[in-house]
Amino acid sequence: MKIAIVGTGYVGLVTGTCFAEIGVNVTCVDTNIDKIESLRRGDVPIYENGLEDLVKRNVEAGRLHFSTDLTQCLNEVSVVFIAVGTPPDEDGSADLKYVLEVSRTIGCNMNKHLLVVTKSTVPVGTSIKVRQAIQEELTKRNATIEFDVASNPEFLKEGNAIADFMSPDRVVVGIESDKAKSIMTKLYKPFLLNNFRVIFMDIASAEMTKYAANSMLATRISFMNDIANLCELVGADVNMVRLGIGSDTRIGRKFLYPGIGYGGSCFPKDIKALIRTGQENKYNLEVLEAVDAVNERQKRVLFDKLKDYYKDDLKGKTIALWGLSFKPETDDMREAPSLVIIDLLLKAGCKVRVYDPAAMDECQRRIGDAVFYAKDHYEAVLEADALMLVTEWKEFRLPSWAVVKKTMNHAVLFDGRNIYEKEELEENGFDYFCIGL
Ligand code: UDX
C-alpha cells in the first residue's frame, strides 16, 4: 500500500515513519523545503526518543520518502493523512487554515479514488469541511471522482511516541463508508496483534473522542493540583492522598501527580478549543473552564513560594532552574511552566540561571540571552539564592547535595515535581519546599 502524510511536524513524522516501519510505502510531504531536504539526509528536526534511527532505517530501505510536491504524490497513493498544524486562534479555537488548504490541493489535483484521513486534532465538524473543500474543487473542475474522508485522531505522548504508535491502547477511527473501514482495517492490522482493536465510529464521535480524552486527563491534573494546594493548608500530604485514592480501580494510579501545571502542545490548546466549541454551541463547559484557570494559577506556584520565602524581596537574587521543557524526554517548550516562571523572576528583578538536557537551544530561540545558560546542572546553581526543580529529568534525580550546597549562595530548594525527599534534603542542610505537603 502507498500512502502520503501531509505535514512533517511531530504527529506527521511519527505516523509516517511508523507506517513505513511495518512495510507501507510512505511519502511525507511538507511545504518547507529545508525541512524536507534535511529529512532526506536523515536529520530529524525534533527530539523524540528513537525517531532518528527509525527514519534513517526506513529511508535506506526505500519505504520512507520526503517530498514538497503533494500534487505528484496524489497519483501514486491510495490514502492521504492530513497532519498539518492547527494553531490556536486568538479566541482559543483551532485555526483550520492549513487543513483546508491541503484539502483544496487534494480536490484540485486528485485523479482517482482517495481516502483522506484527518489526523490533526480538529474540532468536531472539520472532516465534513474537508469533504466540502475537496468536493468544491472537484466541481470547479467538472470532475466526478469518488473519495472518502475519515477521522483518525492521535493519542501519542511526546517522548514515548514511537512506542505509543507501535502498541496503541486503542486506535479510534471515524468513518462514513465500508470502503474506508476496510482500508483503515488493513492499514492498522499489523499494530493490533495483542488484542488491541480499532474502534470504528462515526466521524463526529471520533473527533470528539480526542478532545474528551485530553480534557479528562487535564482535569485529573488540575484536580490534583487543587487538592495538593489544599493539603498544604490543612497539613495533609498529597503523596499519601494520591496513593490512597489511586488504589481505587475506578480512579486508577496514573496521571495523578501534582506539579506546576500541565504544558505542551496538546492539553492547553485542546482544552481551550473545546471550551470554544462549547461557546459556539451556546454551552458553557464550566468544569473545563476551571481546569484551565487552575492550570494558569498553578504555573505560578513555585514563584509564589519563593516570594514568600524571601518576604517579597527578590530584587538582585540569583535563581537557578533545573529543567525547561514542559516534561522530560522532549525539547518542547510550548506552554511550558518554565516560561511563566522565568518571566515572573525577571520581572521581579532576579538573575536567572538555567540548565536543561535538551531544551537549551529552544529556550535561547524563545527568550534569547535574558537568562544565563549553564553547561550542566551544577554550573546552573553557582552562587544561586534558590534552586527550582522545574522538569523531572532523570539526570536531576540523584545530584550530590553536598556539591550543590557548596556551590549555592543559599541552600533552598523548590521542588515543582515532588521528586526529592524532604528529610534527605533537610539532613543535607537545605530548606525544602514542594507541592502539596
Ligand atoms: C498528551 C496526551 O497524553 C496524549 O495522549 C495526547 O495525544 C497529546 O497530549 P503530551 O502532551 O505529550 O501528551 O504529554 P503528557 O505526558 O500527557 O503530559 C502532559 C502534561 O501533563 C505535562 O506538562 C506533564 O508534566 C503534566 N502531568 C502529567 C502532570 O502534571 N501530572 C501527571 O500526573 C501527568
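A crossing of two helices is called right-handed if the near helix is turned clockwise from the far one by less than a right angle, and left-handed if it is turned anticlockwise. With that in hand, let me take you through this structure, which I should say at once is a predicted model.

I begin with helix α5, residues 97-109, and helix α6, residues 126-140, whose axes come within 7 Å and cross at roughly 35°. In the sense I have just defined, the crossing of α5 and α6 is right-handed. On the α5 side the contact is made by V99, L100, S103, R104, I106, G107 and C108, and these meet a set of residues in α6 that includes T126, K129, V130, A133 and I134. Sorted by class, the residues of this contact are 8 nonpolar, 4 polar and 4 charged.

Now please look at helix α9, residues 203-234, and at helix α12, residues 286-298, whose axes come within 9 Å of one another and cross at roughly 55°. An angle of that kind makes α9 oblique to α12, and the crossing of α9 and α12 is left-handed. The residues that α9 brings to this contact are S215, A218, T219, S222, N225 and D226, while α12 brings V287, L288, V291, V294, N295 and Q298. Among the residues of this contact, 5 are nonpolar, 6 are polar and 1 is charged.

The helix α9 also packs against helix α11, residues 267-280, at an angle of about 115°, with the two axes 9 Å apart. How are α9 and α11 oriented to each other? They are roughly perpendicular, because angles from 65 to 115 degrees are counted in that way. Here too the crossing is left-handed, and Y211, N214, S215 and A218 of α9 meet F267, D270, I271, A273 and L274 of α11.

From there I turn to helix α13, residues 301-309, in which V301, L302, F303, K305 and L306 are the buried residues. Those buried residues pack against α12, which we have already met, and also against α14, β12, β13 and β14. After α13 comes K311, whose phi is positive, near 50°.

Let me close with what the UniProt record adds, bearing in mind that the entry is unreviewed. It gives residues 320-422 as "domain: UDP-glucose/GDP-mannose dehydrogenase C-terminal", and in this model that span is 30% helix and 17% strand, with its end C-alpha atoms 19 Å apart. The same unreviewed entry carries the annotation "binding site" for a list of residues, among them K210, F255, G263 and K327. The listed residues are spread over 173 residues of sequence, and they are spread in space as well, up to 23.6 Å between C-alpha atoms.

Two of the listed residues are worth looking at in turn. F255 is in the loop between α10 and α11; is F255 buried, exposed or partly exposed? F255 has 14 other C-beta atoms within 10 Å, so it is partly exposed, since a residue needs 20 or more to be buried and 12 or fewer to be exposed. Beyond its neighbours up to four places away in sequence, F255 touches L217, R220 and I221.

G263 also has its place in the loop between α10 and α11, but G263 is buried, because 24 other C-beta atoms lie within 10 Å. Leaving aside neighbours within four places in sequence, G263 is in contact with P268, F326, R334, E335, A336 and P337.

Note on methods: Residues are numbered from 1 along each chain as its sequence is written. This is a predicted model: local features need pLDDT of at least 70, side-chain atom pairs count only at pLDDT 80 or more; totals for chains, interfaces and linings use all residues. Axes are lines fitted to C-alpha atoms, for helices over the stretch in contact, and angles run from 0 to 180 degrees between N-to-C directions. Helices (H or I, at least four residues) and strands (E, at least two) are DSSP runs, numbered from the N terminus. Angles under 35 degrees count as roughly parallel, over 145 as roughly antiparallel, 65 to 115 as roughly perpendicular and the rest as oblique. Two residues are in contact if their C-beta atoms, placed from the backbone, lie within 7 Å. Ala, Val, Leu, Ile, Met, Phe, Trp, Tyr, Cys and Pro count as nonpolar, Asp, Glu, Lys and Arg as charged, and the others, Gly among them, as polar. UniProt positions are given in the numbering used here, feature names are shortened, and annotations may be inferred rather than shown by experiment.
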